[in-house]
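Trainee: I am new to this structure and would like a close look at a single part of it. Could you take one sheet, follow how its strands are joined, and then show me how the surroundings are arranged?

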Amino acid sequence: MIEVRSVTKSFDGLRAIDDIDMTVKPGSIYGLVGTNGSGKTTILNMLCGVTRQDSGTIMFDGTPVYENPAVKQRLWYIPDDLAFYGPYTINELARFFGRMFPHWNAAILDVTLQHFHLDRDKRISRMSKGMRKQAVFALGFASEPDYLILDEPIDGLDPLVRKRIWELIVGASADRGMTTVISSHNLREMEGFCDSICAIDHGKVFIERDLDDLKSDIHKLQVSFGSNASSAGNAQGSDARTGIDAYRDLNVLKQWSSGSVDFLIVKNSQQELDRFAAAAKPVIFDRIPLTLEEIFIYELDRGNDEYTSRL
Ligand SMILES: Nc1ncnc2c1ncn2[C@@H]1O[C@H](COP(=O)(O)OP(=O)(O)OP(=O)(O)O)[C@@H](O)[C@H]1O
């Protein structure tokens, strides 16, 4: 289990990470998403003990990670910038890491390299960007880490390689309980593979949930009270006859209308929606599931609305 508690980090007076809490369950795949510059890389660097937080604690199974070789031997970090690996070949790196990591498994390296068709004697700096990532993945899996920490690793890889990498991650989680923390802007893939999602903006966590829970209480609704009734958008919720007042019982993130049909993004449980439909009796009431990308955008928009309304 990784536990981040009340962590802050500033650079030259800029508070890049602002009092965050995160809990990563053992064996899970934990997705870190956020806008550019929101603080993802800063968090991952602190998780790996590369950077030290200004305040707060980061614990791996109850033990701090910073300057702690015992914890670092159990984790593999793939940063966004792979310059460190550039001067070396895969074989040279395998010899180096083979001495550092107690569970080093040369057979896994062989199998993974066969899948990726990489030359073990070529310098990493001479490989393409995608091949460099594949090489560092292959080395990482050979270290059999308990924790795999990945900074935008799949972005820029071809679909076949991405599929193979997700198979390896999911397989290691299932077979030996490996825990993965992964940042990416590819929300579609994160939605397909992550157990939990942590979304950050301006250094603050604004969502941290199991993905299934997150998707079960945010919905898009299509509602109509019939062609004679004015839409909620037109009536501004003032006409009880149309059932419009009932929207006040919903937690509406966004609302717009087209003719007599209202579209709403709401944050409510299925039971609350059932109660709304039973009380308001709309002629049309459709619930459409939202993608992670849509949830992220609506939640972020709402945060910005709240922020701008305070100005
Ligand atoms: N070493 C540093 N010195 C000064 N400022 C930094 C440093 N590292 C990060 N920052 C600042 O901290 C903030 C968060 O940066 P970070 O790289 O963590 O964002 P990110 O979410 O990973 O962004 P992206 O999605 O664009 O990769 C930014 O405002 C960035 O300019």
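Mentor: Let us begin with strand β11, residues 219–224, and strand β13, residues 261–266, which pair in the antiparallel sense over 6 bridges. Please keep in mind throughout that this is a predicted model. Within this pairing, histidine 219 of the chain stands opposite valine 266 in β13, and that pair is a convenient place to start when you trace the two strands on the screen. β11 also pairs with strand β14, residues 284–289, again in the antiparallel sense and over 6 bridges. Here the residue to look for is glutamine 222, whose bridge partner in β14 is aspartate 286.

From β13 you can go on to β12, since 6 bridges join β12 to β13 and the two run antiparallel. Serine 258 has valine 261 in β13 as its bridge partner. Taken together, these pairings give an open sheet of 4 strands in the order β12-β13-β11-β14, with antiparallel pairing. The edge strands are β12, residues 252–258, and β14, each of which pairs on one side only. From one strand to the next, the twist averages 20°. Helix α10, residues 270–280, packs on this sheet, where it touches β11, β13 and β14, and its direction makes about 165° with that of β14. As you look at the strands, it helps to remember that in a regular strand the side chains alternate between the two faces of the sheet.

With that part in view, we can turn to another sheet. This one is also open, but it is formed by 6 strands in the order β6-β7-β8-β3-β9-β10, and its pairing is mixed. At its edges stand β6, residues 75–78, and β10, residues 204–210, each with a single partner strand, so one side of each is left without a neighbour in the sheet. Neighbouring strands of this sheet are turned by 15° against each other on average, when direction is ignored. Inside the sheet, 5 bridges join strand β7, residues 147–151, to strand β8, residues 179–183, and these two run parallel. One bridge pair to find here is leucine 150 with isoleucine 182, the latter lying in β8. Helix α5, residues 129–142, packs on the sheet and touches β6 and β7, with a direction that makes about 175° with that of β6.

Helix α5 leads us to its neighbour α6, as the axes of α5 and α6 come within 12 Å and cross at roughly 15°. The two helices are therefore roughly parallel to each other, and their crossing is left-handed. Gln134, Phe137 and Phe141 in α5 meet Val161, Ile165, Leu168 and Ile169 in α6. Sorted by class, this contact has 6 nonpolar residues, 1 polar residue and no charged residues.

Helix α6, residues 159–176, also packs with helix α4, residues 106–116, at an angle of about 160° and with the axes 11 Å apart. α4 and α6 are therefore roughly antiparallel to each other, and the crossing of this pair is right-handed. On the α4 side, Thr112, His115 and Phe116 meet Val161, Arg164, Ile165 and Leu168 of α6. By class, this contact has 4 nonpolar, 2 polar and 1 charged residues. If you compare the two lists, you will find Val161, Ile165 and Leu168 of α6 named in the contact with α5 and again in the contact with α4.

The edge strand β10 offers a link to another part of the chain. The structure holds 15 salt bridges, and in one of them lysine 204 is joined to aspartate 18, with the closest N and O atoms 3.3 Å apart. That pair links distant parts of the chain, for lysine 204 lies in strand β10 and aspartate 18 in strand β2, residues 14–24, with their positions 186 residues apart in the numbering.

Finally, look at strand β1, residues 2–11, which pairs with strand β4, residues 55–60, in the antiparallel sense over 5 bridges. Threonine 8 stands opposite serine 55 in β4. β4 is joined in turn by 2 bridges to strand β5, residues 63–64, and these strands run antiparallel. The bridge partner of methionine 59 is proline 64 in β5, and in the hairpin of β4 and β5, with 2 residues between the strands, aspartate 61 takes a positive phi near 45°.

Notes: Residues numbered from 1 in each chain as written. Predicted model: local features only at pLDDT ≥ 70, side-chain atom pairs only at ≥ 80, totals over all residues. Heavy atoms only, no water. Axes fitted to C-alpha atoms, helices over the stretch in contact; angles between N-to-C directions. Parallel < 35°, antiparallel > 145°, perpendicular 65-115°, else oblique. Left-handed = near helix turned anticlockwise from the far one by under 90°. Contact = heavy atoms within 4.5 Å. Nonpolar A, V, L, I, M, F, W, Y, C, P; charged D, E, K, R; others polar. Pairing = 2+ DSSP bridges. Salt bridge = Lys/Arg side-chain N within 4 Å of Asp/Glu carboxyl O.
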